[in-house]
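Ready for a guided tour in the form of exercises? Keep the viewer open, try each task yourself, and then compare your notes with the worked solution.

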There are 2 protein chains.
Amino acid sequence: MLADSVGLVEPKLQHFDQALKLDCGKTLSQYDLIYETYGELNESRSNAVLICHALSGDHHAAGYHQEDDPKPGWWDSCIGPGKPIDTNVFFVVCLNNLGGCKGSTGPTTLCPETGERYGPDFPIVTVRDWVESQARLADVLGIDVWAAVVGGSLGGMQALRWSLDYPERVKHAVVIASTPKLTAQNIAFNEIARKAITSDPSFHDGRYYLNDTVPAKGLMLARMIGHITYLSDEAMGEKFGRVTKSENFNFDYGVEFEVESYLNYQGKRFSKTFDANTYLLMTRALDYFDPAQDFDGDLVKALEVSQCSYFVASFSSDWRFSPERSQVLVDAMIKANKPVSYCEIDAPHGHDAFLIPTPRYTAAFSAYMQRVAKEQGL
Amino acid sequence: MLADSVGLVEPKLQHFDQALKLDCGKTLSQYDLIYETYGELNESRSNAVLICHALSGDHHAAGYHQEDDPKPGWWDSCIGPGKPIDTNVFFVVCLNNLGGCKGSTGPTTLCPETGERYGPDFPIVTVRDWVESQARLADVLGIDVWAAVVGGSLGGMQALRWSLDYPERVKHAVVIASTPKLTAQNIAFNEIARKAITSDPSFHDGRYYLNDTVPAKGLMLARMIGHITYLSDEAMGEKFGRVTKSENFNFDYGVEFEVESYLNYQGKRFSKTFDANTYLLMTRALDYFDPAQDFDGDLVKALEVSQCSYFVASFSSDWRFSPERSQVLVDAMIKANKPVSYCEIDAPHGHDAFLIPTPRYTAAFSAYMQRVAKEQGL
């Protein structure tokens, strides 16, 4: 257990009985959200920060569940005492999104009406639905206003959506390595990942639980495809180059290069711990996200309602959501007369850079969060 | 039939009885190569140009097989009367590579020893093996020296390899949208494509012919993955953007966006016309290509033997084999004191740009080929 972590943490489960009407038109009559908190909520409840996770993330953003956990939560590099989101100052909340597979209600949950797992009958959820469900969790926790809503990638979309759907409840929105909408290429990658899953004969139209199987090969492929888009060409080159497994080529379709071995390993591991239906759902939420859609594609108009300050950060080598995508967002914020700080960070790691504590990133992120603390009188 | 084409052409089949020892250590006792020719070989046999095809290409580079063919050969934009490779001047040869599935001996061919299709027993071939087999075809055609060996992408690798393996038989090598070796990211994409094919239960360890089936879904996925890398983000954005199939979202995993529909269509069509084992083999040939390997990674040393002039061209939006990859090659050529003309062409189409007759590309390519003609006294 690293000394600068928040230490041992315990997830909590919150049940919601109030029906939730979703973007897709369907309604969830009840649901659970699993979440963790780090730090202490102050008396004036002015120090709360919401962390929104990305495609394969969950509620376990920082600290450890057990003393001997090999790794801390997924954003431990940025959340903890003295870190950019300083738990000596802020009360941090992170939940597993609705539709997830790590404890919140999702496709793997038993449907109360049928007594069987939802599977493909779990409704498609959107970023807006997530914000709505997160707002209800905030109500339960007694948080009227977030000092900041923070997220990277798909998490950044949630932070942005929060600022538009609940403008009076967000003081700062931190949008890292994200985009105001997917490009055709982004959607194409998602579609291939979904096709890999749904083409797996073990998918059984999403009812694989009934067959006591999982579409492991499809999910593995989906993850491998995703993984390429998380790393830059440069980062992969530095990590693996053309290094081979053995001195001479075997001239077959087994593993010849280290990069093949790595991708296969990552894909296989993921396919054992993640739910395929959740993967489909998360990629669709990405596809659908486009706050400008209700304003004839005018992002400036979409932003008008917002009342918060923004911090937008991008990474030079990120080709999944490139700096240009963040700049489009920032330009719209400026046109809409919203306060925004923007930072393009020179980092070689590709999209994954938002998870990696490089000095300039940490410095810029910390400085912004210190400003948040100051403005909140913390 | 377009008026500026070479018109009707007929493929020819050439049988080879002399055994071919391959890079992988195995030997092919006999094989066929299918090829086409356009234009006339002159008396001094000084006007011959070899076209090398890329991953999914074949021998049908120009003209039509039948009057009512909807499309001409794959590089008809660059080969024909008055085109960059001017068939009024040059005698052009293009063949389907060994291991292909369009008429040359490959996995779908009946193995003379067993009487069954080779399938996975067809040996892995390399770019060097292709050059060797192409040299034998040149012998049969009475071509001692090529005025030029020309190729894009994987075809460019063959042109480069020709200049190193048969330096005395190549006057000019034209290497378009290519690279001296794959990056880790390139290999990763290939590995995922292969994994998609080999994970398909219809693959049957490559012996799908015996089961009267094909791994269509795997091959479809492989092609979809490849397709993304052939187009630029920009080109996909211009072609499809976020255009949806219907006015409102269906909120399901069917086709919501035009780009999904396009990719699915392309993938499906390809899976009906291409052999999966050939796809595996072609991607492996890409992975293995690295002329510097025998020289401790020193490309300059690898180039020393060459006696030809080079034309290298890259395209600004190509992220499969980016301009930087061509520049590495050009820098090595310059260090090795080889004559080289290099042209980075500003084109939005991505890797596919080498197939698209944009004005600057056509002008540069034509100018170089006119120089070839002049030097050959044509």
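## Exercise 1: A strand inside the sheet of chain B

B:Ala48 stands opposite B:Phe91 in β8(B). Please keep in mind that this is a predicted model.

**Task.** Find out which strands pair with β5(B), and in which sense.

**Solution.**
- Step 1. Begin at the pair you have just met: β5(B) and strand β8 (residues 91-95) of chain B are joined by four bridges and pair in the parallel sense.
- Step 2. Now look at strand β9 (residues 148-152) of chain B, which runs parallel to β5(B) and is joined to β5(B) by four bridges.
- Step 3. Check one residue of this pairing: B:Ile51 has B:Val150 as its bridge partner in β9(B).

## Exercise 2: Covered or open?

**Task.** Decide whether the residues of β5(B) are buried or exposed, and do this for each face.

**Solution.** A residue counts as buried if 20 or more other C-beta atoms lie within 10 Å of its own.
- Step 1. Go through β5 (residues 48-52) of chain B: five of its five residues are buried, and the strand is mostly covered.
- Step 2. Split the strand by face. One side carries B:Ala48, B:Leu50 and B:Cys52, the other B:Val49 and B:Ile51, and all of these are buried.
- Step 3. Zoom in on B:Ile51. Leaving out residues up to four places away in sequence, B:Ile51 touches B:Ala61, B:Trp75, B:Ile79, B:Val92, B:Val93, B:Cys94, B:Val150 and B:Gly151.
- Step 4. Place this residue in a wider setting: the largest nonpolar core has 242 residues, and B:Ile51 is among those with the most contacts inside it, along with A:Val49, A:Ile51, A:Ile225 and B:Val49. In soluble globular proteins, nonpolar side chains tend to be buried together.

## Exercise 3: On to the next strands

**Task.** Why is β9(B) described as largely enclosed, and which strand pairs with β10(B) over five bridges?

**Solution.**
- Step 1. Five of the five residues of β9(B) are buried, so the rest of the structure largely encloses this strand.
- Step 2. Both faces of β9(B) are covered, with B:Ala148, B:Val150 and B:Gly152 on one side and B:Val149 and B:Gly151 on the other.
- Step 3. Cross to strand β10 (residues 172-176) of chain B, which runs parallel to β9(B) and is joined to β9(B) by four bridges. Here B:Val150 stands opposite B:Val174.
- Step 4. Continue to strand β11 (residues 309-315) of chain B: β10(B) and β11(B) pair in the parallel sense over five bridges. B:Ala173 has B:Tyr310 as its bridge partner in β11(B).
- Step 5. Look for the helix that packs on the sheet here. Helix α9 (residues 323-335) of chain B touches β10, β11 and β12 of chain B, and its direction makes about 160° with that of β11(B).

## Exercise 4: The whole sheet

**Task.** In what order do the strands of the chain B sheet lie, and which are the edge strands?

**Solution.**
- Step 1. The open sheet has eight strands in the order β1-β4-β8-β5-β9-β10-β11-β12 (chain B), with mixed pairing.
- Step 2. β1 (12-16) and β12 (340-345) of chain B each pair on one side only, as edge strands.
- Step 3. On average, neighbouring strands of this sheet are turned by 20° against each other, direction ignored.

## Exercise 5: Two chains together

**Task.** How are the two copies related, and what does chain A bring to the contact?

**Solution.**
- Step 1. A turn of 180° with a shift of 0.0 Å along the axis lays chain A on chain B with an RMSD of 0.0 Å. The two copies are thus related as by a two-fold rotation axis.
- Step 2. Turn to the contact, which takes 42 residues from chain A and 42 residues from chain B.
- Step 3. On the side of chain A that touches chain B, α3(A) gives the most, with 12 residues.
- Step 4. Sort that side by class: 23 residues are nonpolar, six polar and 13 charged.

Note on methods: Residues are numbered from 1 along each chain as its sequence is written. Chains are lettered from A and ligands numbered from 1 in the order in which they are written. This is a predicted model: local features need pLDDT of at least 70, side-chain atom pairs count only at pLDDT 80 or more; totals for chains, interfaces and linings use all residues. Two residues are in contact if their C-beta atoms, placed from the backbone, lie within 7 Å. Helices (H or I, at least four residues) and strands (E, at least two) are DSSP runs, numbered from the N terminus. Ala, Val, Leu, Ile, Met, Phe, Trp, Tyr, Cys and Pro count as nonpolar, Asp, Glu, Lys and Arg as charged, and the others, Gly among them, as polar. Copies are superposed by least squares on the C-alpha atoms of residues with pLDDT of at least 70 in both. A nonpolar core is a set of buried Ala, Val, Leu, Ile, Met, Phe, Trp, Tyr and Cys residues joined through C-beta atoms within 7 Å. A residue is buried if 20 or more other C-beta atoms lie within 10 Å of its own, exposed if 12 or fewer, and partly exposed in between; C-beta atoms are placed from the backbone. Two strands pair if DSSP finds at least two bridges between them. Axes are lines fitted to C-alpha atoms, for helices over the stretch in contact, and angles run from 0 to 180 degrees between N-to-C directions.
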